[in-house]
Amino acid sequence: MNDVLPLDFLTTMTLLPIVGAAVVFIIPRGRERLARWTALIISLVVMVMAIGVFYDVQANPPGAGEWAFEAQAEWFPQINASWHVGVDGLSATMILLTGLLVPLAILISFEIKDRVQTHMALFLFLETGLLGVFVALDMMIFFVFWEIGLVPMYFLIYLWGGENRRYAANKFFLYTMAGSLGLLLATQLVGLTVESFDIPVMLDMWPRYLMRGGEILGVDVSIVKYYALLGFTIAFLIKIPAWPFHTWLPDAHTEAPTAGSMLLAGVLLKLGAYGFLRLAIPLFPKEWIIERQLFSLSYNLVDILGFLAMAGIVLGALGAWGQNDFKRLVAYSSVNHMGFVVLGLAVAALMYGTVWAEANNQYGLLAGVAGVDGYQDMTSTQLTDAVELVYPAELRESDRQDARVALNGAVLQMFNHGLSSAGMFLLAGAIYHKAHTRDLRRFGGLWPLVPVYGAALIFVSMASLGLPGLNGFVGEFLVVSGSFKAYPVYVLLSMAGLLVTGIYILKGIQKLLHGPLNEEWAEYHRTQHSLEIERREVIALAPLMALMLITGLYPNWVLGVINDSVMRFLGG
């Protein structure tokens, strides 16, 4: 281990934006143009580095127990925490998404005229927080960057948001801080118990710690692990956000500036799903699938996660359908689309626990998953025979393959939703900054006035809808096909959410573009301000649209990298 912070590639990429933020912040007043272009150039440099990370991982995928660009240095030896960074296919994909979206958000923010230097510096500060989470291989580093991402977004909403920005910013801050408190306590518990905050060490030691029973701090180990899992899970569910932890999201999106909404939906929501895959699922394989009793009802946590996913898909779609504020409609659509990610995570947690139980000869857990009656009273030999009869190895391998499909779809959906949601919020902001209203009931018939904007809106809306040939279809299709065997009822109910998705997407298009020409806006367009999309907005939107089409037609350009991590995660 090095004694000083290494200037390795990941460290440089992660810290470059915060150094750039300091530079932009001290640019004198009256030099706003310089501040804008400096922030954009720095973010473009980081984008090139992020692309380099992605393609290096694609060309040289790390093997089991390995990490690309890994570097480690002493940082906080008193608690056995170090500066430890590295990436795999999962984190490389999220780094690519972050690197792509931040320059586009900064370009959209060129329209901001108030406190430009501070505004641009906050976006670079936010980028460091996001990248730090994705490269962290130490829990203390993970938590520090997790919190760093909260601060700039709070100020972006609070200082440059809409009419109710203070309420929305405070709600966002309080919700996420409440989740962070549980995450911090659970992190300290796990790290101090295994005497290391190094994530690979924690993943190796914590699941097997007192596997046969015992006590931690005088409390039964099963209870301690259960509540530690809840600490991680609630923090990540709030960040996604999954139903019913989603209520901060519509307010934050509605009041945030356009570029803030792009990054909030495009990347920040993905931190929660990433946390599940990096920490909450692999740290607690047993706790997800073990059967528990509530009164006379039997349940396990992974089935609850699946239910929350289904509820988010259906209720998020219904919530979006009921909105007349364009931006609020798009905000609720994020709850709907991220529900598919949560469904894929539930299948992954179920299979990860099953694989772990098999590898550690925990046939009682396998019997619970398989639904073997009376397994609690069986001997070890009887358990083994019963599991092999009811849930033989061939069936387990078939289920594992389905889980791989579902998890590939979930991670791809994380990437795809980042593209489409950023595009939708860009378009919502583009019309708002010209018309100064988001009320869909006030528009109608705008197509003759804004043919370029209309074409872009239909394209991005269809990608969000999941039209075959565009990116949204591939991820959701993989999640549904991979999840059906594990959760057929949840998947069938989720199809109602897909139906309503089509309804609210068409509602937005119809209210804005179709019907008789609205003479009020025709006069406004002629005499006051053109409603057509601006060249700068087209430049920011074009890469997103290109990636939506490319990913829809050839998803393997990103899916191959994702699948390497899925195979590491679920074995095979």
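Which residue lies over the face of Trp-146, and at what distance from the ring centre? In this predicted model, that position is taken by Lys-239, at 4.8 Å from the centre of the Trp-146 ring. A comparable question can be put to Trp-206, where Lys-225 lies over the face of the ring at 5.1 Å from its centre. Both tryptophans, Trp-146 and Trp-206, belong to one aromatic cluster, in which they are joined by Phe-142, Tyr-209, Phe-232, Phe-236, Phe-276, Phe-284 and Trp-288.

Across the structure as a whole, 27 aromatic pairs are found. One of the pairs is formed by Phe-134 and Tyr-274, whose ring centres are 5.0 Å apart and whose planes meet at 85°, so the arrangement is edge-to-face, given that planes over 60 degrees apart are classed in this way. This pair links distant parts of the chain, with Phe-134 located in helix H4 (residues 116-135) and Tyr-274 in helix H11 (residues 258-283), 140 residues apart. Phe-134 and Tyr-274 are both buried.

A further buried position is provided by Gln-413, which lies in helix H17, a helix that spans residues 393-435. Gln-413 has a relative accessibility of 2% and therefore counts as buried, the cut-off for this class being under 20%. When residues up to four places away in sequence are not counted, Gln-413 touches His-337, Val-341, Gly-472, Gly-475 and Glu-476.

Terms used:
Residues numbered from 1 in each chain as written. Predicted model: local features only at pLDDT ≥ 70, side-chain atom pairs only at ≥ 80, totals over all residues. Heavy atoms only, no water. Phe/Tyr/Trp six-rings, centres within 6.5 Å; stacked < 30°, edge-to-face > 60°. Helix = DSSP H or I, 4+ residues; strand = E, 2+ residues; numbered from the N terminus. Buried < 20%, exposed > 50% of the residue type's maximum accessible area, 1.4 Å probe, protein only. Lys NZ or Arg CZ within 6 Å of the ring centre and 35° of its normal. Contact = heavy atoms within 4.5 Å.
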